[in-house]
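Here are some exercises to work through with the structure open beside you. Try each task before you read its solution.

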Number of protein chains: 2
Amino acid sequence: MNENAIAVALVHHPVLNRLGETSTTAITSMDVHDFARTCAFYDVTPVYLVHPAEGMHAMVHDICDYWLNGAGGKRNPGRREVLSRIRVLHRLEDAQDDASYKLWYTSAAPPQQALQDVETLHTEPGPHLIVFGTGSGLDAAKLPPENGWLRPIEGIGKVRHLSVRAALAIYLDRCRRGDS
Amino acid sequence: MNENAIAVALVHHPVLNRLGETSTTAITSMDVHDFARTCAFYDVTPVYLVHPAEGMHAMVHDICDYWLNGAGGKRNPGRREVLSRIRVLHRLEDAQDDASYKLWYTSAAPPQQALQDVETLHTEPGPHLIVFGTGSGLDAAKLPPENGWLRPIEGIGKVRHLSVRAALAIYLDRCRRGDS
C-alpha cells in the first residue's frame, strides 16, 4: 500500500440518532453502490462498511457476489471493478488489521477547532482512513481515538447537512484536486 | 430571479439506454431527496425533475406533500425547506416558462470540444440551468438546443462514470468555490 494511500469507511454503528443517543443504522444497497462507485472513480480503496450484525454482512456479500461472480458482472464488467473494493467489518477497529491507518473523522459540526483540510491530506504521511457516519453522525466517544477531524464542507443555503453520499463525492474531488 | 441564478434539471426522458437508443427511466425517491438536499445546501433552486408520465409526477407530488404539508414536515422542518424546491415537468422545454434559461448539458463524454468550466459559470450572464441525464445520459438530439456542455469531472481510477448524485454534488461544490 502506498504510504499516502487513502481509504474510506462508512460507519453504521456506533452512530448517533436524532436524540444524541448511541444507535445503529441499516446498510442500504444505494450506499454500497454509490460509495464504491465514487471511490473507484477516484481510485480510493478499500471501502469499509462497518456494521455489527451478521445479517447486514450477508446482504453486502450477496450484492457484491452478484456483480463479482454472478450474472451482473458478465453484463456489466465495470461494476465488478467498482464493487471489488467493498469490505465489511464488525468494528471500525478491525480496519487496523489491514494497515496502520490514521483515522480522519467527518462531521457537519466537528467537536474541535484544529481541523484538517482534505485538500492537503496527501501531504501528511498515511495511510489515511476517512470515516463517515450514517444517522446523525459518528458517536466518537465510542469509536477509537481519531487522528483528527476533517474541515466540514460549507454550503451557502439554509440547509446545513449534505447526504453522506454527496459529502463523500465532494471530499474525494477536493482531495484529488489538491493532489494534482 | 438573480440574473446569474443557477437551477438544476434531472432528465428521465429523452435519455439513452446502453444501446444508444432513446429511452425513459423511472424517477427514484433517492434522487428526489439527494438532488433536493444537495441543491438546498448550495442554495440552488428550482430542481426540475423531467418525466413524461403522469404516474411519476403523482409519486413526486406524494413524496413532497408528506414533507411539505404532512407529518414529515412537522417532525423534520429542514426537509420541508429541502423539498420545497422540487418541480416536475413533462418536458425540459417547459422550464423556459419559469425563466429564459441557458441550458448547460452534462455528460462524462460530451460531444463537442468547446466546454464550459462550471467554476466560471457564475461569470456568464444567466439564468443557467444545469441539465443531468439518467440512464446512459442525455439524448441531446431530442432535447432543445443547448447553450453548451460543461467540462466533465475527471477521475483518476479505471471507472469513468460517477453516479448522477455524485456528479451533482461535485459540480455544485466547484461552482460555489469558483464563486467565492
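**Exercise 1. Find which residues of α5(A) are met by residues of α1(A), then describe how the two helices pack.**

Solution. Keep in mind that this is a predicted model.

Step 1: On the α1(A) side, pick out M30(A), D31(A), D34(A), F35(A), T38(A) and C39(A). They meet V164(A), R165(A), L168(A), A169(A) and L172(A) of α5(A).

Step 2: Two packed helices are described by the angle between their axes and the distance between the axes. Here α1 of chain A, residues 29–41, packs with α5(A) at an angle of about 5°, and the axes are 10 Å apart.

Step 3: Angles under 35 degrees count as roughly parallel, so that is the word for α1(A) and α5(A).

**Exercise 2. Work out how chain A and chain B are related, and what turn lays one on the other.**

Solution.

Step 1: A turn of 180°, with a shift of 0.0 Å along the axis, lays chain B on chain A with an RMSD of 0.0 Å.

Step 2: The two copies are therefore related as by a two-fold rotation axis.

Step 3: Now look at where they meet. Of the interface residues of chain B, 97% are interface residues in chain A too, so the copies meet through the same surface.

**Exercise 3. Find the residue of chain A with which D34(B) forms a salt bridge, and say whether each partner is buried or exposed.**

Solution.

Step 1: The partner is R165(A), with the closest N and O atoms 2.7 Å apart.

Step 2: D34(B) sits in helix α1 of chain B and R165(A) in helix α5 of chain A, so this pair joins two chains.

Step 3: Buried means under 20% relative accessible area. D34(B) has 5% and counts as buried, and R165(A), at 11%, is buried as well.

**Exercise 4. Compare a salt bridge between D117(B) and R151(B) with one between R91(A) and D94(A).**

Solution.

Step 1: In chain B, the closest N and O atoms of D117(B) and R151(B) are 2.6 Å apart. D117(B) is in the loop between β7 and β8, while R151(B) is in the loop between β9 and α5, so the pair ties together parts 34 residues apart in sequence.

Step 2: Check the exposure. D117(B) is partly exposed at 31%, and R151(B) counts as partly exposed at 36%.

Step 3: Shared partners can also link salt bridges up: D31(A), R165(A) and D34(B) are joined into one network.

Step 4: In chain A, the side chains of R91(A) and D94(A) meet at 3.4 Å, N to O. R91(A) is partly exposed at 45%, and D94(A) is partly exposed at 22%.

Step 5: For the total, count over all chains: 16 salt bridges.

**Exercise 5. Trace the order of the strands in the open sheet of chain B, and find the helix that lies across β8.**

Solution.

Step 1: The 7 strands run in the order β5-β4-β1-β8-β6-β9-β7, with parallel pairing.

Step 2: β5 (86–89) and β7 (115–116) stand at the edges with a single partner strand each, so one side of each has no neighbour in the sheet.

Step 3: Zoom in on β6 (residues 102–105) and β8 (residues 128–133) of chain B, which pair in the parallel sense over 4 bridges. W104(B) has I130(B) as its bridge partner in β8(B).

Step 4: The helix is α5 of chain B (residues 164–179), which lies across β1, β8 and β9 and runs at about 155° to β8(B).

How values were computed
Residues are numbered from 1 along each chain as its sequence is written. Chains are lettered from A and ligands numbered from 1 in the order in which they are written. This is a predicted model: local features need pLDDT of at least 70, side-chain atom pairs count only at pLDDT 80 or more; totals for chains, interfaces and linings use all residues. Side-chain values use heavy atoms; hydrogens and water are left out. Two strands pair if DSSP finds at least two bridges between them. Contact means heavy atoms within 4.5 Å. Axes are lines fitted to C-alpha atoms, for helices over the stretch in contact, and angles run from 0 to 180 degrees between N-to-C directions. Copies are superposed by least squares on the C-alpha atoms of residues with pLDDT of at least 70 in both. A salt bridge is a side-chain nitrogen of Lys or Arg within 4 Å of a carboxyl oxygen of Asp or Glu. Buried means under 20% relative accessible area, exposed over 50%, partly exposed in between (1.4 Å probe, protein chains only). Angles under 35 degrees count as roughly parallel, over 145 as roughly antiparallel, 65 to 115 as roughly perpendicular and the rest as oblique.
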